[in-house]
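The following exercises introduce a protein model step by step. Please study the sequence and the structure before turning to the worked solutions.

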Amino acid sequence: MSWLFRKKKEQEQPLYDPALEEPVIRSSICTGERTAGFRNRTTGHFREYELIREESELKAFCARCGVESCRTIY
């Protein structure tokens, strides 16, 4: 039962292949909710990674992906 109360490990660098996917921010037109994730370059499929609540979370996501800024899609 000790596994129930363990601390979550610090998130490591997201697993994605830069040749196949690109890091993007998906933003809702109505509510403005932003979700960080990866968009497949060929199919356009979006894979969610995390919810972005603050600008610092956006900067941390971009830093983990190794890019300066992420494109926003709607």
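**Exercise 1. The helix and its surroundings**

Against which strands do the buried residues of H1 pack? Determine also how the buried residues are arranged around the helix.

Solution.

Step 1. The model is a predicted one, and helix H1 covers residues 55-65.

Step 2. The buried residues of H1 are listed: Leu58, Phe61, Cys62, Arg64 and Cys65. Viewed down the axis of H1, these buried residues lie within an arc of 160°, so they line one face of the helix.

Step 3. The other side of H1 is examined, where Lys59 and Ala63 are exposed.

Step 4. The partners are identified: the buried residues of H1 pack against S1, S2 and S3.

Step 5. The end of the helix is inspected. Gly66 follows H1 and has a positive phi, near 80°.

**Exercise 2. The order of the elements**

State how many helices and strands the chain has, and give their succession.

Solution.

Step 1. The chain contains one helix and four strands.

Step 2. Read from the N terminus, the elements follow the pattern β-β-β-α-β.

Step 3. The extent of burial is added: 30% of the 74 residues of the chain count as buried.

Step 4. Contacts along the sequence complete the overview. Of the contacts between residues at least 6 apart in sequence, 38% join residues at least 24 apart.

**Exercise 3. Two hairpins**

Describe how S1, S2 and S3 are connected, and name a bridge partner in each pairing.

Solution.

Step 1. Strands S1 (residues 21-27) and S2 (residues 34-40) pair antiparallel, with seven bridges. Ser27 has Arg34 in S2 as its bridge partner.

Step 2. S1 and S2 make up a hairpin, with six residues between the two strands. In the turn, Gly32 shows a positive phi of about 85°.

Step 3. S2 is also joined to strand S3 (residues 46-52), by six bridges and in the antiparallel sense. In S3, Glu48 is the bridge partner of Gly37, and Leu51 is that of Thr35.

Step 4. S2 and S3 form a hairpin as well, with five residues between them. Gly44 in this turn has a positive phi of about 85°.

**Exercise 4. The sheet as a whole**

In which order do the four strands stand in the sheet, and which strands stand at the edges?

Solution.

Step 1. The sheet is open, its order is S3-S2-S1-S4, and its pairing is mixed.

Step 2. S3 and strand S4 (71-73) stand at the edges with a single partner strand each, so one side of each has no neighbour in the sheet.

Step 3. On average, and with direction ignored, neighbouring strands of this sheet are turned by 35° against each other.

Step 4. H1 packs on the sheet and touches S1, S2 and S3. The direction of H1 makes about 135° with that of S3.

**Exercise 5. Aromatic rings**

How many aromatic pairs does the structure hold? Analyse the pairs in which Phe38 takes part with Tyr49 and with Phe61.

Solution.

Step 1. The structure holds four aromatic pairs.

Step 2. Phe38 and Tyr49 are paired edge-to-face, at 5.9 Å from centre to centre and with 65° between the planes. Because Phe38 lies in strand S2 and Tyr49 in strand S3, the pair ties together parts that are eleven residues apart in sequence.

Step 3. The accessibility of these two residues is considered. Phe38 has 1% relative accessibility and counts as buried, whereas Tyr49, at 26%, counts as partly exposed.

Step 4. The ring centres of Phe38 and Phe61 are 5.8 Å apart and the planes stand at 50°, so this pair is tilted. Phe38 belongs to strand S2 and Phe61 to helix H1, so the pair ties together parts that are 23 residues apart in sequence.

Step 5. Tyr16, Phe38, Tyr49 and Phe61 together form one aromatic cluster.

**Exercise 6. Glu22**

Is Glu22 buried or exposed? Name the residues that it contacts.

Solution.

Step 1. Glu22 is found in strand S1.

Step 2. The relative accessible area of Glu22 is 15%; because buried means under 20%, Glu22 is buried.

Step 3. With its neighbours within four places in sequence left aside, Glu22 is in contact with Gly37, Phe38, Arg39, Arg41 and Arg71.

**Exercise 7. Confidence**

What is the mean pLDDT of the chain?

Solution.

Step 1. The mean pLDDT is 86, and 81% of the residues reach 70 or more.

Step 2. Where pLDDT is low, predicted coordinates should not be read in detail.

Methods:
Residues are numbered from 1 along each chain as its sequence is written. This is a predicted model: local features need pLDDT of at least 70, side-chain atom pairs count only at pLDDT 80 or more; totals for chains, interfaces and linings use all residues. Side-chain values use heavy atoms; hydrogens and water are left out. Two strands pair if DSSP finds at least two bridges between them. Buried means under 20% relative accessible area, exposed over 50%, partly exposed in between (1.4 Å probe, protein chains only). The arc is that of the directions from the helix axis to the C-beta atoms. Contact means heavy atoms within 4.5 Å. Axes are lines fitted to C-alpha atoms, for helices over the stretch in contact, and angles run from 0 to 180 degrees between N-to-C directions. Rings of Phe, Tyr and Trp (its six-membered ring) pair if their centres lie within 6.5 Å; planes under 30 degrees apart count as stacked, over 60 as edge-to-face and the rest as tilted. pLDDT is the predictor's confidence in each residue, from 0 to 100.
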